[in-house]
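Q: Hi! I'm about to open a structure I haven't seen before. Could you walk me through it?

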Amino acid sequence: MGRVRVRVIVDKGTSVFDGVYLSVARGAFRRYSTYRAATVAGTVTNTVFGMILASTMLALWRARPGLGGYDAAQAVTYIWISQGLLVTVAVWGGGFQDDLQARFRSGDIAVDLYRPVDFQGWWLATDLGRAGYQLLTRGALPMLAGAALFDLVLPGDPLVWAEFLLAVALAVVVSFGLRFLASITGFWLHDSDGVRAAMAVVSMFFSGMLLPLALFPGALGELARVLPFSAMVQLPADVLLQRRTGTALLGLYGFQLAWGAALLALGRAGQTLAVRRVVVQGG
Amino acid sequence: MAEPGRGTAARAGWAVRSWWLITGMWIRSTMAYRASFALSLAANTLITFLDFAVLLLMFAHTRQLAGWTLAETGFLYATSSVALGAANVLVGSVGGLGERVRSGSLDTMLIRPAPALAQLAAERFSLRRLGRLVQAFAVLGWSLTALDVHWSWDRVLMVPALLLCGTVIFCALFVGCSCVQFWWGEAAELQNAVTYGGATVLQYPPTVFAKELVAGTVFGVPLAFVNWLPALHVLGRTDPLGLPAAFRFASPLAAALCVLAAGLAWRAGLRAYRSTGS
């Protein structure tokens, strides 16, 4: 599977340098677009899980109509939105993490560290490229399948869709920040599998992937709403279901931005600390 | 196979022994860092409870989901999770088949004097997967005490039989679905749709789903035999499809058919395999 190589000619000056991240992102987009069978298989998986969870939501809403301020159609729509976001936002982990992990194991991580580009920026660019491709395929296709199988309430106004896309982009940044932190534990632990597995379960629960956060009672609900995970699924879904509109949207974006910036800064600090004491595997 | 084929029983015994030897090697390598393993197992067990917490949260808002109580749904959740978790511990690694076909490292396994399937199933054996199993047994223990059921001997015996057959069915699904990767290397996720997707379906009462889907799990991919059908007998509930009572006791037969189908798929896949030659 072709790893995308981007040659950087440093002495050509900053104009080339600025374009590096863009071409890294474009390369990642193209790379993922070559895994066609994986895309088809993944879309089927998302659709299967969407059908299962939508059925359980319908059963719950039949018992409790209007629960959490959603009607049954909105609750089902929520599930299909979250299935569309699962891989795009990498709630379950993955994306650049798999590449990074392989590079920890092989020792290639040393090559990444002496590239004349920013380590964190490089991987963020690949992840945004990946997310772009997956939004178009594993985001859109299960949603279309859901719309064919169930009654969904989706907005007709293109402006709401644009607002949704912005929220998804910020969600990817927050998710990247969290996954980057989980992955760089590999500098110390050699194997970040355990940390990643734990992160995946916590993300699934607190992002609202399995159940809208409005259904979390009391203090658990309060906690879920302030943790960064809510920025990954619950908030973009709120935008598309128009539970937050107008000026309330600014607060929502602000929350995503604040967590995104804080996590990236934390990741950068961790990286600085790690690089100082890194011992490269292999040779 | 290098071991002389003295009949099916001897060959199966050798396959199990190979699996055990390779698994033992991975366990020893994990146990080199005992504290790290203990911590990650404990963390994994605790964290998989979040999965069950979703069910608890749903039942915080309603006393019954599609006519089933929390204890009954907990029984379904636990039995489905035990069967999937045990199968994942035993043969879950076969999902890595496509990667081996692509990189050509399956060849190495084929020339070793041990069955390729046993090697593949034991590859990178991860004890951490026991965490989910521990959690599932804890939920099962709780649901058995919480259920309002008259525990006659047939019902008591049904529980271990159900877990055993369910594990065999999921093992067969893991192996059978991974065979798709002989032809379609990147399609590892299709396996997830059947195994993890299937286990998720079985965690909820059958009455939650459309009748067509439930019928599909009886006559198509035989998931219903893992826990839905036998649970109808244990819990004393009526069948939403109105099938004859014999179906509730047919899990061993379904498991045997699954193993047969998976074995045929594996053979067909291995015959069709062309090495990448690298």
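Q: Let me start with one residue: which helix does B:Ala265 lie in?
A: B:Ala265 sits in helix 13 of chain B, residues 251-272. Helices (H or I, at least four residues) and strands (E, at least two) are DSSP runs, numbered from the N terminus. Before we go on, this is a predicted model: local features need pLDDT of at least 70, side-chain atom pairs count only at pLDDT 80 or more, and totals for chains, interfaces and linings use all residues. Residues are numbered from 1 along each chain as its sequence is written, while chains are lettered from A and ligands numbered from 1 in the order in which they are written.

Q: Good to know. Is B:Ala265 buried, exposed or partly exposed?
A: B:Ala265 is partly exposed, because 18 other C-beta atoms lie within 10 Å. A residue is buried if 20 or more other C-beta atoms lie within 10 Å of its own, exposed if 12 or fewer, and partly exposed in between, with C-beta atoms placed from the backbone.

Q: And what is B:Ala265 in contact with, leaving aside neighbours within four places in sequence?
A: B:Gly176 and B:Cys179. Contact here means that the C-beta atoms of two residues, placed from the backbone, lie within 7 Å. B:Gly176 is 89 residues from B:Ala265 in sequence, but their C-alpha atoms are 5.9 Å apart in space.

Q: Let's hop to chain A. What about A:Leu263, buried or exposed?
A: A:Leu263 is buried, because it has 21 other C-beta atoms within 10 Å. A:Leu263 belongs to helix 12 of chain A, residues 247-276.

Q: What does A:Leu263 touch?
A: Not counting residues up to four places away in sequence, A:Leu263 touches A:Val174, A:Gly177, A:Leu178, A:Leu181 and A:Pro228. As for A:Phe180, its C-alpha atom is 8.7 Å from that of A:Leu263, with their positions 83 residues apart in sequence.

Q: Zooming out, how many helices and strands are in chain A?
A: Chain A has 12 helices and 0 strands. The radius of gyration of chain A is 20 Å, close to the 19 Å that the globule rule gives for 283 residues, so chain A is as compact as a globular protein of that length. That radius is taken over C-alpha atoms, and the rule is 2.2 Å times the number of residues to the power 0.38. Along the principal axes, the C-alpha atoms of chain A fill a box of roughly 60 × 40 × 35 Å. Buried residues make up 47% of the 283 residues in chain A.

Q: How many helices and strands does chain B have?
A: Chain B has 13 helices and 0 strands. Its radius of gyration is 20 Å, close to the 19 Å from the globule rule for 278 residues, so chain B is as compact as a globular protein of that length. In chain B, 42% of the 278 residues count as buried. Among its contacts between residues at least 6 apart in sequence, 81% join residues at least 24 apart.

Q: Where do the chains meet? How many residues does each give to the contact?
A: The contact takes 28 residues from chain A and 31 residues from chain B. On the side of chain A that touches chain B, helix 2 of chain A gives the largest share, 14 residues. That side divides into 22 nonpolar, 5 polar and 1 charged (Ala, Val, Leu, Ile, Met, Phe, Trp, Tyr, Cys and Pro count as nonpolar, Asp, Glu, Lys and Arg as charged, and the others, Gly among them, as polar).

Q: Back to chain B: where is the kink in helix 2 centred?
A: On B:Phe52, with a kink of about 35 degrees (the bend at a residue is the angle between axes fitted to the seven residues ending there and the seven starting there).

Q: Which residues of that helix are buried?
A: In helix 2 of chain B they are B:Ser40, B:Asn44, B:Thr48, B:Asp51, B:Leu55 and B:Met58. They pack against helix 2 (36-63) and helix 9 (193-206) of chain A, together with helix 3 (70-91) and helix 7 (130-146) of chain B.

Q: And helix 10 of chain B, how many of its residues are buried?
A: Helix 10 of chain B is mostly covered, with 13 of its 15 residues buried.
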